[in-house]
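Got the viewer open? Let's take a short walk through this one, from the whole chain down to a single side chain.

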Amino acid sequence: MDSTKSNEDVSHVDVISTKDLLSTGHSYLDVRTAEEYNRGHIDKAINIPYMFLIEEGRVKNTDFLDQVSAVCQKEDHLIVGCNSGGRGLKACVDLLNAGYKDVRNLEGGYSAWVDNEFKGDQAAEQFKTACKFRPRANN
């Protein structure tokens, strides 16, 4: 029997629930690039990029799981987020397959966090980017 985890095995959490969970002991793992993170992030976030942006495009961080295991335990309660949800979902699958027990993907990523005006240390209007993976707000 194949026990490999896939996208369907990932739990998702919205920004309102995330805000509550972060105040009750969950950790936020920000898997965006250092450049994205430095422009704005959720308070007390742990930044470990899932992918790097190089001249040819995005490439997976081959040390991602090792870097996460250096700062997080497999029993930790982790909320994983990127900019819009795609990298976060992939990171969650990898973490689940590596034996992490409680991993959730932030729906809509940091863009949704900013949309809900939970800006953290700094305003981050530049993250409200047009993204093919990002649902459009109904105005």
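Start with colouring by pLDDT, the predictor's confidence in each residue on a scale from 0 to 100. You'll want that on, as this is a predicted model. The chain averages a pLDDT of 86, and 83% of its residues come in at 70 or more. Now select residues 121-139: here the pLDDT is below 50. Even so, beyond near neighbours in sequence, that stretch has 32 contacts in the model.

Next, switch to cartoon and trace the chain from the N terminus. You should pass five helices and seven strands, in the order β-α-β-α-β-β-β-α-β-α-β-α. Turn on contacts while you're there: of those with a separation of 6 or more, 63% link residues 24 or more positions apart.

Time for the surface. The chain exposes about 8000 Å², with carbon and sulfur atoms supplying 47% of that area. As for what's tucked away, 43% of the 139 residues count as buried.

Keep the surface on and select Phe52, Ile54 and Val59. What do they form? A nonpolar patch on the surface, in which the three together have about 220 Å² of accessible area.

Last stop: zoom in on Phe52, which sits in strand β4, residues 51-54. Is Phe52 buried, exposed or partly exposed? Its relative accessible area is 36%, so Phe52 counts as partly exposed, the category between under 20% for buried and over 50% for exposed. That value also clears the bar for patch members, which need over 30%.

Notes:
Residues are numbered from 1 along each chain as its sequence is written. This is a predicted model: local features need pLDDT of at least 70, side-chain atom pairs count only at pLDDT 80 or more; totals for chains, interfaces and linings use all residues. Side-chain values use heavy atoms; hydrogens and water are left out. Contact means heavy atoms within 4.5 Å. Helices (H or I, at least four residues) and strands (E, at least two) are DSSP runs, numbered from the N terminus. Buried means under 20% relative accessible area, exposed over 50%, partly exposed in between (1.4 Å probe, protein chains only). Accessible areas come from the Shrake-Rupley method with a 1.4 Å probe; for residues, only the protein chains shown count as cover. Patches are made of residues with over 30% relative accessible area and no salt bridge: like charges are joined within 9 Å, nonpolar side chains (Val, Leu, Ile, Met, Phe, Trp, Tyr) within 5 Å. A salt bridge is a side-chain nitrogen of Lys or Arg within 4 Å of a carboxyl oxygen of Asp or Glu.
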